[in-house]
Each structure stands twice: as structure tokens, then as C-alpha cells.
Amino acid sequence: MVATLLVAIPFLGAFLIPLVARFSSRGAAWIPALAMLANLGIALSLLPRVLSAPIAISISGWTAPIAINFVVGPLGLGLAILISFVGVLVAVYGTGYIHEEPKEKYHMLILTLLTGATEMVLTGDIFNLFVFFEILSLSSYALTAYNRDRDGVEAGIKYLIQGSIGSAFILVGIGLLYGMFGTLNMADLAAKMGSGDPTLVFTALSLLVIGFGVEAAIFPLNAWLPDAHSSAPSSVSALLSGIAIETGAYAVARIVYTIFAGQRFMLVLGFLGLVTLLMGEMAASRQRDDIKRMLAYSSVGQMGLIMLAFGMGTQDGAFAALFQLVSHTLAKGLLFLAVGYMIYRAGSKRISAFAGLGRKMPLTGALIGIAVLSLVGVPPFAGFMSKLAVIKAGLGLHSPTYTGIIVLVLVATVIEVGYFLRLLQVMYFGEANDGAVAELPLSAMIPITVLAALIIAIGVYPQMITGVLHQAAAGLVERADYIKLVLGAG
């Protein structure tokens, strides 16, 4: 039952923030970091046990499939560790970065977003998946509009409208499944899926993929993302790009692999991933003014690559997708956090305003360079190893179709290199304005330095995470083991 603390602690922290803020606003600002640090410690302590034998937990004395249950396996716990780790760093960053009042509401929303993401990757109940997806989404809508300026409010409303439509699709899909099978337990649904009407089953699958695909920023469901990233505080952009859209991708993969065993759907998922990759990278290359929109479209492209790898339908493909997910979370989190203060120093989101800042802020510029090199797949950074895993998984299918797709992946990488090199050229070779520019404060420098160090560490020694990722991929692909774990635990 210790695993349930991963949800209880951040929820409790969110309720404590307004109480503590009455006495100390600075104390309240540190609650998210402490809550997620506690989560990180609990998750890491559970990891050896879970790698040995995954845990299925039934709540309130009932047994599966009636009970609401948690499934703490290598996949769910590994993602919970990633969420907690990034959550700690973003929370520390926010203690110095957020100045707009009411700050306690920002910290509450950050914690509820992270709670929703954590529960999404641990739940074994599809309706609970929807409920905590809504918690994550509602927090994201509010955080997008946190600055309360015109652009932020407009972006938040766009995000709300598109997200609400996606939620409606999810709810209808869940209703169809419950009507057919009389259960909401994902393992029980998986066990009964073969007895359902094929047309209704496909309809439910399509509705769920579309609904969660909005949050995962799958093309053409990604229209909310550029405005949201551009208008939200940079710490929020780091969570949207590093956590929120990744949990959307997780939900799609969990549904397709575990519930539906959708081998026939894998080619569709792979095609959607390829189109998302190409459209995202081409859109990013066209952004010459707004750096945050460029990074947002880059995230769309990265999500396309992750979906493409999931669409391979193999354990190697799932491993590559998860590896790419981790490397993208670390690099894009670093980028958004570092760029946030560069925007503050430059007084503008325009890329041209960054001229010479790489020379004036050498440490920050170097850390941005590490993130960029990892994203484009340059050794010895984590992104090189994750992209190499995607290429190996695609070529391992020995399919002319996937060989051609891998060629297009390399083309997309060349496009990615082009627009990121343009950014670095402006930062280091652009004509800078007169006057000194201060480096980041310690509350920001520590999180981005930790992210950069981990990007290098994983690139040099990928074995520090590949063992967990291989087990996580196996747990996703081997649905029979998932069914046995949950229903056998009843």
C-alpha cells in the first residue's frame, strides 16, 4: 500500500499550500518540491521490488475486477519516477521564477497536474485513467492562462475547448466498452476483448485514441500546443512538453497494447506518428520569431517519433519509444527552463532578441547547447542513444516500408538540426547589445544543471536506465502477464 502514497502525498500537499501561505508564502512555495521529492524517494525505494515482481493493489477491500486498483510495474513506476524527478526540478525552479500573484494557486495547480500524471501511469482502471486525465488537463488549462494576459487567456480557452472535445470522445469510448463488457478494469477488458463486436470495438478504440491523442499532440489534434507553450510561463511549458503530452502518449500506448492488443491498428499509429513527426519538424523550422512556438512544434515532432516507435508493435519498438520519451522529457525540460530566463533577460520571445546571449550567459548557453545536441541526436548525449534505438527497432522489422520510414526519420532530423543550429548561431554569433547580462539565479541554475548532467550521464552510460526500460517495454507488450497479474491478484 506504500505505492498509494505516490498519489496521496502530492494531493495532501496541494491542500496544505493555501494553509501554509497564510503564514509564509515562501514556505508554501517549497511544498511542491518537498512533496515530489517524497514521491521520488518512495518510487525509487519500490523500484528493486517492482523489477523483481510487479505489484497489483486493490483498493477498499474489494478484489479485481470490481475494485479500483493500481498496477505498479516497471512501466508505471518508471514513469512515476520520471514525473517525480522532473516535478522536483520544476518546483524548485518555480520558487524563484514565479512572481505573479496569487503564487499559491500556481503551486497548487502544479501539484494537481503532477498528481494527475502520476495516477494516470499507475491506475489499472480505465475510468480512473479518465478522471486523473481530467485533473491533469484542468490544471494545464488554468496554468496556461496563469499570466492572465490576452494571449494566455486565449491560449487557455483554445486548449480548454480542444481538450474538452477530446475528453468527450474518451467518455463515449469508455461508455461503449462498459456497455459491451460490463467492466472498467483494464485487465478485465483485455481478457474479454475477443468476445466483443468488432465494429464497436474498433469504434471504441478510435474514440479513445482520438481523445487521448489531443493531449499527446498527435497531428492533426495538436493545434492547442503552440499557443499554450508560447503563452504559458516557461516552467509550465516544461511540464506541458515534458510531462503532460508524454502521459497522453502513455495512455494511447496502454490502450492500444494492453486493452485492445491492436496489432491491426499499429500501422495506423505508426503512420500518424510519421505524419506528426514531419509536420512538427517542418512547422518548427518555419518559426523565425517566437522561440517558444519553435520549441512547441519541436515537441510535436518528438511526439511523432515516439508514436512512430510505439506503432512498430514490437518490444524493441516500445523500448525505443520509452527511451525517446525519457530523453525528450529531460532535454525539452532543460530547454524551456533555461530559455524562460533568457526571455526574461532579453525582454522578448523573439529569437533575434537572443543575439549574443550565449556569449553573455556562457553557462546557460552551454546548457542549452547540451539540450539541443541531445534533441538532434548527437553523441554522447541521451538523445543519440534513444534515436539510435528507434532506428534499430525500425530496421529490425526487415520491412521495406519501415526502411523507408526510417529514411524519413533521418530527413526530419536534418530539418531539426537546421532550425536548432539557427538558434545557436543567433545566440553565439549574433550582434549583442551593450551591457552585461546576469546568469540564471541559483533556484534556476540547479535544476537545469541537474537535467544537463543526467542527459550526459545517460548518453555515456545508458545502462543506468535501459534495464528498467526493457522491462517496462516487456510489461507493455506482454498483455497476458498484465491480465494474470491484476486478475490473479484479486
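Leaving aside its neighbours within four places in sequence, which residues is Thr112 in contact with? Keep that in mind as we take a walk through this model, which is predicted.

## Helix H5 and two of its residues

Thr112 sits in helix H5. Its partners, beyond those within four places in sequence, are Phe11, Ala14, Ile135 and Ser139. Is Thr112 buried or exposed? With a relative accessibility of 16%, Thr112 counts as buried, because the cut-off for buried is under 20%.

Leu109 also has its place in H5, which covers residues 103-122. Its relative accessible area is 21%, so Leu109 is described as partly exposed. Once neighbours within four places in sequence are set aside, Leu109 touches Ser139, Ala142 and Leu143. Along the chain, Leu109 and Leu143 are 34 residues apart, yet their C-alpha atoms are separated by 6.9 Å. Ser139 turns up in both lists: it is a contact of Thr112 and a contact of Leu109.

What about H5 as a whole? This helix is mostly covered, with 15 of its 20 residues buried.

## Checking helix lengths

Here is a friendly bit of arithmetic you can follow in the structure. Taking 1.5 Å a residue, and counting one step less than the number of residues, you can work out how far a helix should reach and then look at its end C-alpha atoms. The table does this for three helices.

| Helix | Number of residues | Expected span | Distance between end C-alpha atoms |
|---|---|---|---|
| H4 (residues 74-97) | 24 residues | 34 Å | 34 Å |
| H5 | 20 residues | 28 Å | 29 Å |
| H20 (residues 463-477) | 15 residues | 21 Å | 21 Å |

The two values agree for H4, for H5 and for H20.

How much of H4 is buried? Of its 24 residues, 23 are buried, so H4 is largely enclosed by the rest of the structure. In H20, the buried residues are Ile465, Thr466, Val468, Leu469, Ala472, Ala473 and Leu476. As you look at that list, it helps to remember that an α-helix has 3.6 residues a turn, so residues three or four places apart point the same way.

## Helix H13 and two of its partners

Two packed helices are described by the angle between their axes and the distance between the axes. Let us try that on helix H13 (residues 291-310), starting with helix H11 (residues 234-259). The axes of H11 and H13 come within 11 Å and cross at roughly 20°. The two helices are therefore roughly parallel to each other, and their crossing is right-handed. On the H11 side, the contact is made by Ser234, Ser237, Ser241, Ile245, Glu246, Ala249, Val252, Ala253 and Tyr257, while H13 supplies Lys292, Ser299, Met303, Met307 and Phe310. Sorted by class, this contact has 8 nonpolar, 4 polar and 2 charged residues.

Now look at H13 with helix H18 (residues 400-429). Their axes are 12 Å apart, and the packing angle is about 160°. That makes H13 roughly antiparallel to H18. H13 passes H18 in a left-handed crossing. From H13, the contact involves Ile291, Met294, Leu295, Ser298, Gln302, Leu305 and Leu308; from H18 come Tyr402, Ile405, Val409, Glu416, Tyr419, Phe420 and Leu423. By class, the contact of H13 with H18 has 11 nonpolar, 2 polar and 1 charged residues.

## Unusual spots in the loops

Most residues other than glycine have a negative phi, and most peptide bonds are trans. Some places in this model go the other way.

Where is Ala217? Ala217 has its place in the loop between H9 and H10. Although Ala217 is not a glycine, its phi is positive, at about 60°. Ala217 counts as buried, at 0% relative accessibility. Pro220 is found in the loop between helix H9 (198-215) and helix H10 (224-231) too, and a cis peptide bond with omega of about 5° joins Phe219 to Pro220.

His398, in the loop between H17 and H18, has a positive phi near 55°. Is His398 buried or exposed? At 71% relative accessibility, His398 counts as exposed.

Another cis peptide bond runs from Pro379 to Pro380, with omega near 5°. Pro380 lies in the loop between helix H16 (362-376) and helix H17 (382-395).

Note on methods
Residues are numbered from 1 along each chain as its sequence is written. This is a predicted model: local features need pLDDT of at least 70, side-chain atom pairs count only at pLDDT 80 or more; totals for chains, interfaces and linings use all residues. Side-chain values use heavy atoms; hydrogens and water are left out. Axes are lines fitted to C-alpha atoms, for helices over the stretch in contact, and angles run from 0 to 180 degrees between N-to-C directions. Helices (H or I, at least four residues) and strands (E, at least two) are DSSP runs, numbered from the N terminus. Angles under 35 degrees count as roughly parallel, over 145 as roughly antiparallel, 65 to 115 as roughly perpendicular and the rest as oblique. A crossing is left-handed if the near helix is turned anticlockwise from the far one by less than a right angle, and right-handed if clockwise. Contact means heavy atoms within 4.5 Å. Ala, Val, Leu, Ile, Met, Phe, Trp, Tyr, Cys and Pro count as nonpolar, Asp, Glu, Lys and Arg as charged, and the others, Gly among them, as polar. Buried means under 20% relative accessible area, exposed over 50%, partly exposed in between (1.4 Å probe, protein chains only).
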